[in-house]
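Trainee: I'm new to this one. Could you walk me through it and tell me how we know what we say about it?

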Amino acid sequence: MAARGPYAKGKAKRAEILDVALEVIAREGYSGATVKQLADAVGLSQNGLLHYFGSKDALFTEILRHRDRPAAADVDSQNDDLSNITDRLLEAVELESSAPGLAQLALRLTGEATEPDHIAHDYFRERYDVIRSVLHDTIVTLRDEGKVSADVDPTVVAALVFAAWDGLRTQWMYDKTLDIRAHLTYLLRSLGIA
């Protein structure tokens, strides 16, 4: 049964805010997307906007979670077919590179959320866990199929691949000529994964 009444309206407004916020941050960058600008874009006051999320940090965490939903659904719907995980990983890199403002938001919150009591701490911990787990399972499958060397440690390689992605993303924020996709492709090939 579909939700009705104020709850449904609140849920719909929240989704609208997140959709608009993704557009504004992608266009204006993280620094250019103030709470006031986001509120104006959805016809609310700043307090009205924050009412839906509780705080600025919670708002920005939900924006990232909203950004990740399509990719998470894609991984969930294809979790029995890990053969194209490399392509999906590289597509995610391309998508992230197409919206530098969202990449900047993710990097800023990643650093701030290392504090265990930060509102985004659990989000990032879970995101890291899920991505490493998917990579781990892919490497195990490739190893079992004889496509990756038997001495490859899937746990270590999964962590290294994601660390490379994070590190390359940070470097790219300073030098947009850095080709994250090409570098990750090289790494994955070197590891025998691509």
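**Two helices and two cores**

Mentor: Sure. Let's begin where two helices touch: Leu89, Ala92, Val93, Glu96 and Ser97 of α5 meet Val161, Trp165, Arg169 and Trp172 of α8. Keep in mind that this is a predicted model.

Trainee: What makes α5 and α8 roughly parallel to each other?

Mentor: Helix α5 covers residues 85–97 and helix α8 residues 154–174, and they pack at an angle of about 20°. Angles under 35 degrees count as roughly parallel, so the label fits this pair. Their axes lie 12 Å apart, and the crossing is right-handed.

Trainee: How do the residues of that contact divide into nonpolar, polar and charged?

Mentor: You get 6 nonpolar, 1 polar and 2 charged. Glu and Arg count as charged, so Glu96 and Arg169 are the charged ones here. Ser97 is the polar one, because Ser is on neither the nonpolar nor the charged list.

Trainee: Which residues touch the most other members of the largest nonpolar core?

Mentor: Leu38, Leu49, Phe60, Ile63 and Leu105, out of 29 residues. Two or more residues come from each of α1 (5–28), α2 (35–41), α4 (56–77), α6 (100–112) and α7 (121–144). The most come from α1, with 7 residues.

Trainee: And what is Phe60 in contact with, leaving aside its neighbours within four places in sequence?

Mentor: Ile25, Tyr30, Ala33, Leu38, Leu105 and Leu109.

Trainee: Which residues does the second core include?

Mentor: That separate core has 22 residues, among them Ala103, Val161, Trp172 and Ile193. Val161 and Trp172 also turned up in the α8 side of the helix contact.

Key
Residues numbered from 1 in each chain as written. Predicted model: local features only at pLDDT ≥ 70, side-chain atom pairs only at ≥ 80, totals over all residues. Heavy atoms only, no water. Core = buried A, V, L, I, M, F, W, Y, C linked by side-chain atoms within 4.5 Å. Buried < 20%, exposed > 50% of the residue type's maximum accessible area, 1.4 Å probe, protein only. Helix = DSSP H or I, 4+ residues; strand = E, 2+ residues; numbered from the N terminus. Contact = heavy atoms within 4.5 Å. Axes fitted to C-alpha atoms, helices over the stretch in contact; angles between N-to-C directions. Parallel < 35°, antiparallel > 145°, perpendicular 65-115°, else oblique. Left-handed = near helix turned anticlockwise from the far one by under 90°.
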